[in-house]
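Student: I would like to go through a structure and ask what stands behind the terms used for it. Please set each value against its definition.

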Amino acid sequence: MDAAAGQQQEPQLSLAAVRDALVREEDSVVFALIERARHPRNASAYTPAAGGGRSLVEFFVREAEALQSKASLLLPSAGRYQKPEDVPFFPQDLPSHLFPAKSYPKVLHPVASLVSVNDAIWKMYFNELLPLFTVDGDDGNYAETAALDFACLQVISRRIHIGKYVAEVKFRDAPQDYSPAIQAKDKDTLMNLLTFKAVEEKVKRRVEKKARTFGQNVTLEDSANKQENVAEDSGCKVDPKVLSKLYDQWVMPLTKDVEVEYLLRRLD
Ligand SMILES: O=C(O)C(=O)C[C@]1(C(=O)O)C=C[C@@H](O)C=C1
């Protein structure tokens with residue numbers, strides 16, 4: 001997790017600072033979906049190749065991850081998958097000797113590198129989310145579509161895996177509360193300890209508002225008939241309700257799963 005813009009030192013690990021990082025990722029998630037929504041579903045990009053081969057999008061993601069990982073060979077700071085929140089979808093494809101270099105301050109317990117919910121993210125994205133924000137149709141731009149899907153997958157995955165930092169902060173703030181549940185492997189108690197429903201409600205309302213604001217068509221014509229120039233949802237590039245549903249049904253639950261999985265191993 002990078003320091004805030006302008007700050008050189010590693011940010012103080014606090015719940016407020018980590019939550020700020022989650023808020024900043026919202027912008028990237030909204031804009032990634034807006035960019036993908038420029039193309040229709042393009043179902044051919046997801047169809048396995050003849051003979052049980054891989055789909056174009058899977059081929060693209062595997063190759064892109066391997067390339068990004070190799071970048072660390074040339075310029076260690078440029079490589080990907082060196083930060084606990086940057087989790088590959090196909091780790092088995094990455095050159096093992098590059099995976100992931102420990103060049104970042106060790107803020108988290110080493111078990112962080114074992115926590116991944118990317119399989120669930122992959123299934124959610126293609127089976128549930130993509131049909132909600134892309135229109136039926138095919139424009140033949142499969143390579144660009146795959147690249148935009150990869151961008152969506154990466155930013156959603158990064159947002160969810162920042163949950164490792166949230167869990168670490170919560171543990172450090174109240175080890176006496178978390179340790180008994182960790183030792184008892186009590187997932188339900190851990191989930192109750194780390195859940196803040198009021199925060200979740202604010203997140204849902206904020207991402208919906210960001211989709212409505214970032215996704216509106218800006219014109220120079222006076223829109224006197226529109227209250228405060230707020231876009232009508234039907235005119236937004238991505239339905240704002242899709243963003244609140246994404247966070248409510250998938251992003252925040254998966255973030256909490258990451259927190260629980262990290263905490264269960266925190267005392268190893
Ligand atoms: O901010 C927190 O406390 C988090 O754990 C993050 C998060 C989220 O995914 O946005 C998840 C669980 C909480 O109930 C609230 C919010």
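Tutor: Begin with the cysteines: the structure holds 0 disulfides. A disulfide is a covalent bond between the sulfur atoms of two cysteines.

Student: What makes C152 a cysteine without such a bond?

Tutor: A disulfide is counted when two cysteine sulfur atoms lie within 2.5 Å. The closest cysteine sulfur to that of C152 belongs to C236 and is 17 Å away, so the two are too far apart for a bond. C236 is likewise in no disulfide.

Student: Why is C152 called buried?

Tutor: Buried means under 20% relative accessible area, exposed means over 50%, and partly exposed is in between (1.4 Å probe, protein chains only). C152 has a relative accessible area of 0%, so C152 is buried. C236 has 11%, and therefore C236 is buried too. In the protein, buried residues make up 47% of the 268 residues.

Student: Where do the numbering and the values come from?

Tutor: The model is predicted, so local features need pLDDT of at least 70 and side-chain atom pairs count only at pLDDT 80 or more, while totals for chains, interfaces and linings use all residues. Residues are numbered from 1 along each chain as its sequence is written, and side-chain values use heavy atoms, with hydrogens and water left out.

Student: How many helices and strands are there?

Tutor: The protein has 9 helices and 0 strands. Both are DSSP runs numbered from the N terminus: helices are H or I with at least four residues, strands are E with at least two.

Student: What makes R19 a polar contact of the ligand?

Tutor: A polar contact is a pair of N or O atoms within 3.5 Å; within protein, one must be able to donate a hydrogen and the other to accept it, and residues adjacent in sequence count only if both atoms are side-chain atoms. An N or O atom in the side chain of R19 is 2.7 Å from a ligand oxygen. For K170, a polar side-chain atom is also 2.7 Å from an oxygen of the ligand, and for E259 the distance is 2.8 Å.

Student: Which helix gives the most to the shell around the ligand?

Tutor: α9 does, with 4 residues. α1, α5, α8 and α9 each supply at least two.

Student: How many residues of the shell are nonpolar?

Tutor: The shell has 7 nonpolar, 2 polar and 6 charged residues. Ala, Val, Leu, Ile, Met, Phe, Trp, Tyr, Cys and Pro count as nonpolar, Asp, Glu, Lys and Arg as charged, and the others, Gly among them, as polar.
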